[in-house]
Amino acid sequence: MSQRIVLLMIDRPADWEYGPLAGAAHAWFGIDVVSASIDAAPLTTMGGLSLQPQRRLAELDPGDGELWVVPGSPLWDEAPAPAPIVQALRERAARGGAIAGICGGTRALAAAGLLNERAHTSNEPGYLDAVPGYSGQAHYREQACVSAGGIVTAPGTSPVSFAEACLWLVAPEQADGIAQMRAMFARDFA
């Protein structure tokens with residue numbers, strides 16, 4: 001049985017936030033990457049690309065896949081996280097399933113109560129404060145990425161650190177490959 005990452009998206013997902021993870025996971029690590037949304041209607045990414053989600057949220061079992069990833073979108077800032085997504089994240093967490101959120105996607109994790117009692121990060125201090133039910137300010141860390149108790153969080157400026165932390169959850173046995181991926185992306189900043 002192959003490993004699977006589920007990208008749980010709303011419209012206008014930020015291409016650069018999930019791109020390094022999806023590309024590396026599928027092409028270099030042989031991990032299936034599946035996109036899902038509430039209704040599986042076509043989405044338009046922030047880059048203007050059309051994206052056809054492969055699954056409806058209701059089709060996913062909370063235990064499906066090794067990791068669920070919630071990418072950012074400007075829509076996370078414009079309205080509360082949709083109730084079906086919040087509920088699905090709670091059910092997955094209750095089963096012990098790994099979840100990751102980057103940029104605005106961390107708002108969905110906060111709305112589900114997943115960041116109230118564990119170390120986490122997001123776009124900046126105070127970014128999550130307006131999310132109903134969020135009370136995790138004392139656990140906020142000003143870092144590029146935080147992985148704690150099966151939950152990965154990152155600001156939108158850290159897609160490579162995010163990809164690395166996610167891959168450690170899904171494929172820890174591939175340490176050499178994860179290190180090579182990080183080194184390859186790091187060359188851009190040398």
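A polar contact is a pair of N or O atoms within 3.5 Å; within protein, one must be able to donate a hydrogen and the other to accept it. Hold on to that. We will use it shortly.

Good morning, everyone. What you see above is a predicted model. Let's start with the whole chain.

The chain has 6 helices and 9 strands. Its radius of gyration is 15 Å, and the globule rule gives 16 Å for 190 residues, so the chain is as compact as a globular protein of that length. Along its principal axes, the C-alpha trace spans about 40 × 35 × 35 Å.

What share of the residues is buried? Of the 190 residues in the chain, 51% are. Now the contacts. Take those with a separation of 6 or more: 61% of them join residues 24 or more positions apart.

Next, the surface. The chain exposes about 8,600 Å². Carbon and sulfur atoms supply 53% of that area. And the charges? There are 12 positive and 20 negative ones. The mean positions of the two sets are 3 Å apart.

Now let's zoom in on arginine 107. You will find arginine 107 in helix 4, which runs over residues 105–111. Buried or exposed? Arginine 107 has 15% relative accessibility. Buried means under 20%, so arginine 107 counts as buried.

Which residue's side chain does the side chain of arginine 107 meet in a polar contact? It is aspartate 77, at 3.1 Å. Here is our opening definition at work: 3.1 Å falls within 3.5 Å. The side chain of arginine 107 also reaches the backbone oxygen of tyrosine 127, at 3.0 Å. Set aside residues up to four places away in sequence, and arginine 107 touches Trp76, Asp77, Tyr127, Leu128 and Val131. Notice that both polar partners, Asp77 and Tyr127, appear among those residues.

Second stop: proline 155. Where is proline 155? Look in the loop between strand 9 (151–154) and helix 5 (159–170). Proline 155 has 7% relative accessibility, and the cut-off is 20%, so this residue counts as buried too.

What does proline 155 touch? Leave aside its neighbours within four places in sequence. The contacts are then Ile102, Cys103, Thr121, Ser122, Asn123, Gln143 and Ala144.

One last pair to find on your screen: proline 155 and leucine 21. They are 134 residues apart in sequence. In space, they are 14 Å apart, C-alpha to C-alpha.

That's my tour. Thank you.

How values were computed. Residues are numbered from 1 along each chain as its sequence is written. This is a predicted model: local features need pLDDT of at least 70, side-chain atom pairs count only at pLDDT 80 or more; totals for chains, interfaces and linings use all residues. Side-chain values use heavy atoms; hydrogens and water are left out. Helices (H or I, at least four residues) and strands (E, at least two) are DSSP runs, numbered from the N terminus. The radius of gyration is taken over C-alpha atoms; the globule rule is 2.2 Å times the number of residues to the power 0.38. Buried means under 20% relative accessible area, exposed over 50%, partly exposed in between (1.4 Å probe, protein chains only). Contact means heavy atoms within 4.5 Å. Accessible areas come from the Shrake-Rupley method with a 1.4 Å probe; for residues, only the protein chains shown count as cover. Lys and Arg count as positive and Asp and Glu as negative; His and the chain ends are not counted. The place of a charge is taken as NZ of Lys, CZ of Arg, CG of Asp or CD of Glu.
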